[in-house]
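Dear colleague,

Here is the structure I said I would pass on. My notes on it are underneath.

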Amino acid sequence: MADFREQRAAVKFCFLLGKSGTETLEMLKTAYKDDAMGKTQVFEWFSRFKNGEMSIDDKPRSGRPSTARTHENVEKIREIIKGDRRRTIEEIVELSGVTEALSSISKDEFRQCFEKWNKRVDKCISVRGEYFEGD
């Protein structure tokens with residue numbers, strides 16, 4: 001999942017300047033290209049700001065917080081994938097030791113995340129390492 005916090009701040013800025021949702025969406029597309037927030041997200045944030053909610057943070061969600069997504073676990077999985085990009089999800093789960101965390105992720109979610117990561121790696125390679133993506 002992409003971190004859209006920076007873009008939410010941009011949406012809030014445009015809202016405070018009196019820009020429309022459509023104008024804001026076009027500016028985000030110009031600035032962030034394929035990684036820009038979608039139309040629905042932009043208009044949802046505009047609606048929140050119109051209703052007086054000025055925070056750019058997500059609303060709290062119910063349920064247990066993820067405790068397995070730590071920097072250490074992410075690095076373990078990254079190294080496993082770097083070693084052999086053809087590994088199955090089951091192999092990654094077994095080798096990483098984070099069974100519970102990865103088992104709770106659907107194969108489709110994992111596949112989508114991996115495809116996004118692969119796209120970023122390809123982008124970085126095509127520009128000879130001059131690609132940077134902020135937090």
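The notes below cover the aromatic residues, then two other positions.

Please keep in mind that this is a predicted model.

Aromatic rings

Searching the whole structure turns up three aromatic pairs. In one of them, F15 and F46 meet edge-to-face, with 5.6 Å from centre to centre and 85 degrees between the planes. F15 belongs to helix α1 and F46 to helix α3 (residues 39–50), so this pair ties together parts that lie 31 residues apart in sequence. F46 has a relative accessibility of 4% and therefore counts as buried, the cut-off being under 20%.

W45 and F49 make a tilted pair, at 6.0 Å centre to centre and 40 degrees between the planes. These two residues are four apart in helix α3, which means that about one helical turn separates W45 and F49. W45 is buried at 6% relative accessible area, and F49 is buried at 2%. Through ring pairs, F15, W45, F46 and F49 are linked into a cluster.

W45 has a further contact: the charged end of R48 sits over its ring, 4.1 Å from the centre.

Two other positions

A10 is in helix α1, which covers residues 5–16. Its relative accessibility is 24%, so A10 counts as partly exposed. T24 is 14 residues from A10 along the chain, and their C-alpha atoms are 8.3 Å apart.

G97 is in the loop between α5 (89–96) and α6 (99–103). With 59% relative accessibility, G97 counts as exposed. Its C-alpha atom is 8.6 Å from that of N73, a residue 24 positions away along the chain.

Regards

Notes:
Residues are numbered from 1 along each chain as its sequence is written. This is a predicted model: local features need pLDDT of at least 70, side-chain atom pairs count only at pLDDT 80 or more; totals for chains, interfaces and linings use all residues. Side-chain values use heavy atoms; hydrogens and water are left out. Buried means under 20% relative accessible area, exposed over 50%, partly exposed in between (1.4 Å probe, protein chains only). Rings of Phe, Tyr and Trp (its six-membered ring) pair if their centres lie within 6.5 Å; planes under 30 degrees apart count as stacked, over 60 as edge-to-face and the rest as tilted. A charge sits over a ring if NZ of Lys or CZ of Arg is within 6 Å of the ring centre and within 35 degrees of the ring normal.
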